[in-house]
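This report describes the fold, the sheet, the main pocket and some loop residues of one protein chain. The sequence and the structure are shown first.

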Amino acid sequence: MDSQKDRKAAILAETLSSLWADTDPLVLRRVTAIARADADAISKAFYDVLLDRPDSNVFLSHALVQERLRPSLARWIRSLFEADSAERIAAVLEQNYQVGLIHARINIPLTLVNAGMRIIKKELSARLVDSDLSRAQTAAAILFVGEVLDTVLDNMHEAYLGDLLGNVRQQQSLKMFMTGQNLAIEGERLKSSLFDWLRNAVVAFYAHEENNRPDPPAIGASDFGLWLNHKAELTFGKVAELDGIRERTERISVKVDAAAEAGWVTPAFVKELNSDVTDIAYLLGAVIEKAMEIEGGRDPLTRLLTRRFMPSIFQREVNISLRHGKPFAVLLIDADHFKTINDTLGHQAGDAVLSDMAELLHANVRAGDFVFRYGGEEFLVLLTEMDEASMRVKAERMRQLVAEHSFVRAGDNLRVTASIGAALHDGHPDYEHTVRKADAALYEAKRQGRNRVVTA
């Protein structure tokens with residue numbers, strides 16, 4: 001893979017070198033001078049145009065993005081037209097490749113990337129037309145700018161498409177992972193959650209005080225509802241049974257809201273509600289039965305999701321957070337002094353601790369949440385539809401669960417503590433931004449003495 005990337009980078013580097021070698025030195029100096037002098041103005045024009053486009057707001061509206069990207073783009077423009085040596089060209093191409101990977105991770109449409117490059121091309125060309133170059137030199141300068149920008153755009157697209165194809169493969173692997181044999185147990189848990197919701201809703205209608213509006217729980221906020229909104233499609237893909245489940249769930253939600261507004265229910269309404277919930281349970285059983293034939297790969301020790309599934313899941317959660325205002329939270333959890341356990345009790349005891357901790361974390365999240373083996377003794381928990389107060393409570397609860405647990409399989413009822421870094425998605429389109437915040441908080445938790453929660 002890297003060798004293929006290197007070969008393509010070498011071709012692009014040769015293309016850029018040839019452009020510099022074959023262009024009039026006076027033209028090169030004028031283009032470089034304009035790029036240096038006007039990079040800030042071109043960057044401002046770039047974002048002024050794109051911010052007016054509705055398809056770019058979701059990526060560019062975040063204040064931190066604007067604060068960082070405007071000067072970053074100006075630096076990129078300057079460096080691009082100063083790349084007159086092999087070393088500088090190699091640096092520019094590597095930077096562009098990383099930009100392409102970020103575009104893929106954020107899920108920026110290629111049409112938007114292309115539109116942005118056209119803006120830069122137009123702004124530079126307009127300034128070249130107004131320069132003191134002759135007509136022939138101006139034409140050569142505009143052609144040079146166009147060729148350079150097209151070449152680096154190819155470089156970005158190479159990274160973007162490579163990452164996109166890899167992500168498609170990961171989504172397929174993720175679907176296989178999430179349809180393993182433990183799905184039967186998960187299905188029973190979901191059905192139980194569904195009928196628990198039904199019971200609580202009925203109680204809310206019949207037990208409310210006469211002068212007060214009934215306040216039944218929202219089915220969308222139940223364990224089942226969170227699973228349906230965040231995990232169902234990742235698990236099963238786009239199948240007819242899920243459409244039927246969503247349709248009935250939405251119908252239930254509308255009916256319950258209307259009944260709560262009216263302030264009363266009838267036995268016929270309760271019977272109808274029970275019928276809808278029973279239909280959902282049947283459809284859920286049917287789709288699980290189909291999926292049970294598929295078994296996917298897992299982290300061999302903990303049986304949790306691995307890091308390679310993060311792009312597929314996080315991109316979806318970022319989209320939900322940005323479009324529907326339902327932010328997610330990231331908890332990075334590190335087993336304290338894990339090296340000491342390995343060194344004193346042996347790696348078998350260490351593996352037993354990690355396996356127990358994985359089970360503990362997975363058993364204490366909601367059906368719509370995700371638990372990853374992040375690496376070594378670190379776990380990452382993605383909590384869907386969180387606010388900051390709930391995130392703090394959940395993180396502290398996780399810390400307590402670990403501290404109070406007896407790791408019997410590791411020998412002599414071993415006690416282990418955990419440090420946790422927590423961060424809430426703040427609207428940044430790149431999920432790595434939230435993960436980095438959680439990682440910094442985790443580092444601070446360990447610096448302060450471990451066995452604690454620090455929030456970003």
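## Accessibility and overall content

A residue is called buried when its relative accessible area is under 20%, exposed when that area is over 50%, and partly exposed in between. Asn-451, with a relative accessible area of 29%, is therefore partly exposed.

The model is predicted. Its secondary structure comprises 17 helices and eight strands. Of the 456 residues of the chain, 48% count as buried. Among contacts in the chain with a separation of 6 or more, 76% are made by residues 24 or more positions apart.

## The six-stranded sheet

Six strands form an open sheet with mixed pairing, in the order β1-β3-β4-β2-β7-β8. The edges are occupied by β1 (305–306) and β8 (453–455); each has a single partner strand, so one side of each is left without a neighbour in the sheet.

Strand β1 runs parallel to β3 (residues 370–375), and two bridges join them. Within this pairing, Leu-305 stands opposite Phe-372, while Thr-306 has Arg-373 as its bridge partner. On β3, five of the six residues are buried, so this strand is largely enclosed by the rest of the structure.

The pairing of β3 with β4 is antiparallel and involves five bridges; one pair consists of Phe-370 and Leu-382 in β4. These two strands form a hairpin with two residues between them, and Gly-376 in the turn has a positive phi of about 60 degrees.

## Helices against the sheet

Helix α13 (residues 310–324) packs on the sheet, where it touches β1, β2 (329–335), β3 and β4 (378–383). The direction of α13 makes about 135 degrees with that of β3.

Helix α15 (residues 347–363) lies across β2, β3 and β4. With respect to β4, α15 runs at about 10 degrees.

## The loop before β1

Thr-302 is located in the loop between α12 (267–291) and β1. Its relative accessibility is 8%, so Thr-302 counts as buried. Leaving aside residues up to four places away in sequence, Thr-302 touches Leu-354, Ala-358, Arg-373 and Phe-379.

Arg-303 belongs to the loop between α12 and β1. Although not a glycine, Arg-303 has a positive phi of about 65 degrees. The relative accessible area of Arg-303 is 45%, which means that this residue is partly exposed.

## The loop before β8

Asn-451 is placed in the loop between α17 and β8. Phi of Asn-451 is near 55 degrees, a positive value in a residue other than glycine. As noted above, Asn-451 is partly exposed, with a relative accessible area of 29%.

## The largest pocket

The largest pocket has a volume of about 840 Å³. It is lined by 30 residues, of which Tyr-47, Leu-69, Val-99, Ile-102 and His-103 are the closest to its centre. By class, the lining has 20 nonpolar, six polar and four charged residues.

Two or more lining residues come from each of the elements α2 (25–50), α3 (57–60), α4 (63–80), α5 (86–106), α6 (110–129) and α17 (431–447). The contribution of α4 is the greatest, with seven residues.

Note on methods. Residues are numbered from 1 along each chain as its sequence is written. This is a predicted model: local features need pLDDT of at least 70, side-chain atom pairs count only at pLDDT 80 or more; totals for chains, interfaces and linings use all residues. Side-chain values use heavy atoms; hydrogens and water are left out. Two strands pair if DSSP finds at least two bridges between them. Helices (H or I, at least four residues) and strands (E, at least two) are DSSP runs, numbered from the N terminus. Contact means heavy atoms within 4.5 Å. Axes are lines fitted to C-alpha atoms, for helices over the stretch in contact, and angles run from 0 to 180 degrees between N-to-C directions. On a 1 Å grid over the protein atoms alone, a cavity is a set of points where a 1.4 Å probe fits but cannot get out, and a pocket is an open set with protein on both sides within 12 Å along at least five of seven lines; lining residues have an atom within 4 Å of a point. Grid points are joined across faces, edges and corners, and a volume is the space filled by probe spheres set on the points. Ala, Val, Leu, Ile, Met, Phe, Trp, Tyr, Cys and Pro count as nonpolar, Asp, Glu, Lys and Arg as charged, and the others, Gly among them, as polar. Buried means under 20% relative accessible area, exposed over 50%, partly exposed in between (1.4 Å probe, protein chains only).
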